[in-house]
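Hi everyone, thanks for making time. I'd like to walk you through one structure today, going from single residues to the whole chain and then to the metal site. Please have the viewer open so you can follow along.

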Amino acid sequence: MSQYLIISDTHGDRDILTKIFNHYRGQVKAIFYNGDSELPADDPIFKDVSTVIGNMDFDQGFAKEHHYQDSEIDIYQTHGHFYHTENDLNQLRERAALVGANVVTSGHTHQLGAEIIDHRLFVNPGSISLPKGPYANLGGTYAVLTVTPEQYTVQFYTRDQLPVDQLLVRFNRPI
Ligand SMILES: [Mn+2]
């Protein structure tokens, strides 16, 4: 079993990132930050964190995308604006098909989501600081992805690091 922290769109809220990164460092296999921190790319907070550039990041030191791979999973990470995810996931789906990843993670919309499309798991953790959409009343969310050979589990958490009961989603891994 492997676990991954996914968080996005803090828009300057450095304190919450510090708190959550400190909690999960050493507890998860990898940490993904999906853009729009509005922090410098070389901020020490991002040590050992996989980051990508968002449309509100002006430090060109951030990468456009990452393709993470370990023995259990491969994860394609990008903010989403290059693929206009504010409209729909069609362009991101095409990019993911080219890359060939099992899991695709993005941010940008500030709306959380976890769904299987084209045999791939798409995870948007929502925004931890400026949430939008049906779950905005939670005040901000992030996600923890758990991977086993058979299943993906995505659990969304609040800023207080409390799991949200109705936001636990399990999928059998597509073949
Ligand atoms: Mn944003």
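Let's begin near the end of the sequence, with Pro174, which lies in the segment after β11, the strand that covers 163-172. Before we go on, please keep in mind that this is a predicted model. Is Pro174 buried, exposed or something in between? With a relative accessible area of 27%, Pro174 is partly exposed. Leaving aside its neighbours within four places in sequence, Pro174 is in contact with Ile116, His119 and Tyr152. If you want a long ruler across the model, take Pro174 and His23: they are 151 residues apart along the chain, and their C-alpha atoms are separated by 31 Å.

Now a stop at a loop. Ala136 sits between β8 (120-124) and β9 (141-147). Ala136 is partly exposed too, with a relative accessible area of 28%. Here the ruler gives another kind of reading: Ala136 and Gln111 are 25 residues apart in sequence, and their C-alpha atoms are 7.8 Å apart in space.

Let me zoom out to the whole chain. How many helices and strands does the protein chain have? There are two helices and eleven strands. Read from the N terminus, the order of the elements is β-α-β-β-β-β-α-β-β-β-β-β-β. The radius of gyration is 15 Å, close to the 16 Å that the globule rule gives for 175 residues, so the chain is as compact as a globular protein of that length. Along the principal axes, the C-alpha trace spans about 40 × 35 × 30 Å.

A few more numbers for those of you who like them. Of the 175 residues, 51% are buried. Take the contacts between residues at least 6 apart in sequence: 51% of these join residues at least 24 apart. The accessible surface of the chain comes to about 8,200 Å², and carbon and sulfur atoms account for 48% of that. On the charge side, we have 13 positive and 22 negative side chains, and the centres of the two sets lie 3 Å apart.

Next, a pair of strand residues. Phe32 is in strand β2, while Thr51 is in strand β3. Along the sequence they are 19 residues apart, and in space their C-alpha atoms are 6.2 Å apart. Phe32 is buried, at 1% relative accessibility, and Thr51 is buried as well, with a relative accessible area of 10%.

Which residues do these two touch, not counting those up to four places away in sequence? For Phe32, the partners are Tyr4, Leu5, Ile6, Ile7, Ser50, Tyr68, Ile75 and Gln77. For Thr51, they are Tyr33, Phe46, Phe62, Ala63, His66 and Gln77. You'll notice that Gln77 turns up for Phe32 and again for Thr51.

If you look at backbone angles, here are two aspartates to click on. Asp48 lies in the loop between β2 and β3, and its phi is positive, about 65 degrees, although it is not a glycine. Asp9 lies in the loop between β1 and α1, and its phi is near 55 degrees, again a positive value in a residue other than glycine. Their surroundings contrast: Asp48 is exposed, with a relative accessible area of 62%, whereas Asp9 counts as buried, at 0%.

Asp9 brings us to the metal. Which residues coordinate the manganese ion? Asp9 does so through OD, His11 through NE2, Asp36 through OD and His110 through NE2, at 2.0 to 2.4 Å. Written as a sequence pattern, the donor residues are spaced D-x1-H-x24-D-x73-H. His11 lies in the loop between β1 (2-7) and α1 (14-24), and Asp36 in the loop between β2 (30-33) and β3 (49-51), so this pair ties together parts that are 25 residues apart in sequence. His11 and Asp36 are both buried, and as we just saw, Asp9 is too.

That's my tour. Thanks for listening, and I'm happy to go back to any of these spots with you.

How values were computed. Residues are numbered from 1 along each chain as its sequence is written. This is a predicted model: local features need pLDDT of at least 70, side-chain atom pairs count only at pLDDT 80 or more; totals for chains, interfaces and linings use all residues. Side-chain values use heavy atoms; hydrogens and water are left out. Donors are N, O and S atoms within 2.8 Å of the metal (3.2 Å for Na, K and Ca); water is not among the atoms, so sites may look incomplete. Helices (H or I, at least four residues) and strands (E, at least two) are DSSP runs, numbered from the N terminus. Buried means under 20% relative accessible area, exposed over 50%, partly exposed in between (1.4 Å probe, protein chains only). The radius of gyration is taken over C-alpha atoms; the globule rule is 2.2 Å times the number of residues to the power 0.38. Contact means heavy atoms within 4.5 Å. Accessible areas come from the Shrake-Rupley method with a 1.4 Å probe; for residues, only the protein chains shown count as cover. Lys and Arg count as positive and Asp and Glu as negative; His and the chain ends are not counted. The place of a charge is taken as NZ of Lys, CZ of Arg, CG of Asp or CD of Glu.
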